[in-house]
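Got the structure open in your viewer? Let's take a walk through it, one selection at a time.

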Amino acid sequence: MFENILIYFVVIPLLMLGLIALSRNVQQIRAVAVAGSTALLALSVYVLCEYLGMRQAGNTDPMLFTGSWQWFAPLHINLAVGVDGISIAMLILSSIIIFAGSFASWKIENPKGFFLWLILLSTGVFGFFICVDLFTMFMFYEVALIPMYLLIGLWGTGRKEYSAMKLTLMLMGGSAFLMLGLIGIYYHSAPEGGQLTWNILEIAKNDAIPHGWQSFLFPLTFVGFGVLGAMFPFHTWSPDGHACAPTAVSMLHAGVLMKLGGYGCFRVAIYLMPWAANELAFIFLILTGISVVYGAFSACVQTDLKYINAYSSVSHCGMVLFAILMLNTTAMTGAIMQMLSHGLMTALFFALIGMIYGRTHTRDIRLMGGLMKIMPFLGVSYVIAGFASLGLPGLSGFVAEMTIFVGSFQHADMFHRVFTIAACCSIVITAVYILRVVGKLLLGPVYDKHHLTLTDAVWWERLSAVTLIVSVAAIGCFPNFFTELINFTFSPEIFKVIGM
């Protein structure tokens, strides 16, 4: 088993859990967190280099680094792993945010318990992205969700118990829909008389799910994953959960965990049930289109920094699902780029918000002003994150959103183009709330004279922010590298396999 490199994305976090449990002081806990997150980042870069080398050598398999080990024979459950360009992009995103989050949590209270639950959440995230067995994927999905309750309930702020319970109940409700959908897929995974399987590649190759059952199972799986992707009207857990979560949890939650929703919608719902996706996409396009515009408008009227970013995440994650439902190569490539872009910039936002809150002890923009003079590094970093969010050329947001809009406008019918234009208008709304926050928070006279005694970011905060800023700029300046990494997943050979 350990000959497969992908297994180490689960092994390393499990080793981190054991070492943190044995740690006796804060310094040892920090050392384990930083060393483990650095190892995960190095591993993801190594897998990326190996993947690109294998593609350049002519390997055209849908998934690389595949492996399968029997787990529970009566139900044909296996620990089956494999990655393509999209999976690797998500692994890199996850490792970058966990690395940055380790430094953003440098001064967290009760660090042992916090990092134990945070690393367990990370184990679920990495396991989800490397699995191609539906049952095992669902297991890791739940492992990623459950720690959120304790991380918010114990280390959060504000109405943390309410927010933790609301988040858990809504996501568990989505998991119930998802479980029903996955069981249905399993029992229709093979032709009549064939052996049932949970393996995504085998199910797609068999193409055995009847159209009638696809029409029933597609909404279950899409809604199940869509709840985590903050799809309207199942988004209400997201603002409360983000607002009350501690900094690193907000970073990982918005930056990575919500991407499980978009990834799952593509990898399971659309990849395995393409006929139903074509027939029913218009229903979910309406819902995701509402998410894009509604989230942006809602962010405009908020005064709490975390709520502003949380509603912004509803809008940007809605755009991911919106693009996936366009069912063409360009829009889907834009969706994956948007997942990367939003993951990095929203993690940067939440990291900076946590740093500012740790100094001012408020997130209300009405009670702050002139902070650019007092903490210039944090101020400039916030402006960069804001520019990425509103789609400034040269940063990741521009590349992702432009690709989505170009792909969406390829549909010549009025329905698709009207919703595409509405989604484009969200850019203007985003500029409104970003520039409003920058003006109130950073510019003008200092609102509170006590803020004059505050200090700027220290070295571990700077390292966390710079890591994310460099990543956002890298996508914006070198988009071809990332599109080429993603595009093979949408090549004619693969689309032929899944019937699209």
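Start inside: select Ile486, which counts as buried because its relative accessibility is 0% (buried means under 20% relative accessible area, exposed over 50%, partly exposed in between, with a 1.4 Å probe and protein chains only). Ile486 sits in helix α21, residues 479-487. Helices here are DSSP runs of H or I with at least four residues, strands are runs of E with at least two, and both are numbered from the N terminus.

A quick word on what you're looking at. This is a predicted model, where local features need pLDDT of at least 70 and side-chain atom pairs count only at pLDDT 80 or more, while totals for chains, interfaces and linings use all residues. Residues are numbered from 1 along each chain as its sequence is written, and side-chain values use heavy atoms, with hydrogens and water left out.

Stay on Ile486 and show its surroundings. Setting aside neighbours within four places in sequence, Ile486 is in contact with Ile86, Thr333, Ile336 and Met337; contact means heavy atoms within 4.5 Å. Now add Phe140: it is 346 residues from Ile486 in sequence, and the two C-alpha atoms are 23 Å apart.

Zoom out to the whole chain. You should be able to pick out 22 helices and two strands. Of the 500 residues, 62% count as buried. Among contacts between residues at least 6 apart in sequence, 79% join residues at least 24 apart. The C-alpha atoms fill a box of roughly 75 × 60 × 45 Å along the principal axes. The radius of gyration is 22 Å, which agrees with the value near 23 Å for a compact globule of 500 residues; the radius is taken over C-alpha atoms, and the globule rule is 2.2 Å times the number of residues to the power 0.38.

Next, select the strands, β1 (residues 64-72) and β2 (residues 77-83). They run antiparallel and are joined by six bridges; two strands pair if DSSP finds at least two bridges between them. Which residue in β2 is the bridge partner of Trp69? That's Leu79. Gln70, in turn, stands opposite Asn78. While β2 is highlighted, try colouring by burial: five of its seven residues are buried.

Now follow the hairpin round its turn, where four residues lie between the strands. Click on His76 in that loop. Its phi is positive, about 55°, although His76 is not a glycine. His76 is partly exposed, because its relative accessible area is 26%.

There's another histidine with a positive phi to visit: jump to His361, where phi is near 60°. You'll find His361 in the loop between α15 (329-360) and α16 (371-374). With a relative accessible area of 60%, His361 is exposed.

For a backbone feature of another kind, select Phe232 and Pro233. The peptide bond joining them is cis, with omega about 0°. Pro233 belongs to the loop between α9 (211-228) and α10 (237-244).

Last stop: Met402, in helix α18 (residues 396-408). Is Met402 buried, exposed or partly exposed? At 40% relative accessibility, Met402 counts as partly exposed. Draw a distance from its C-alpha to that of Gly391, eleven residues away along the chain, and you should get 8.5 Å.
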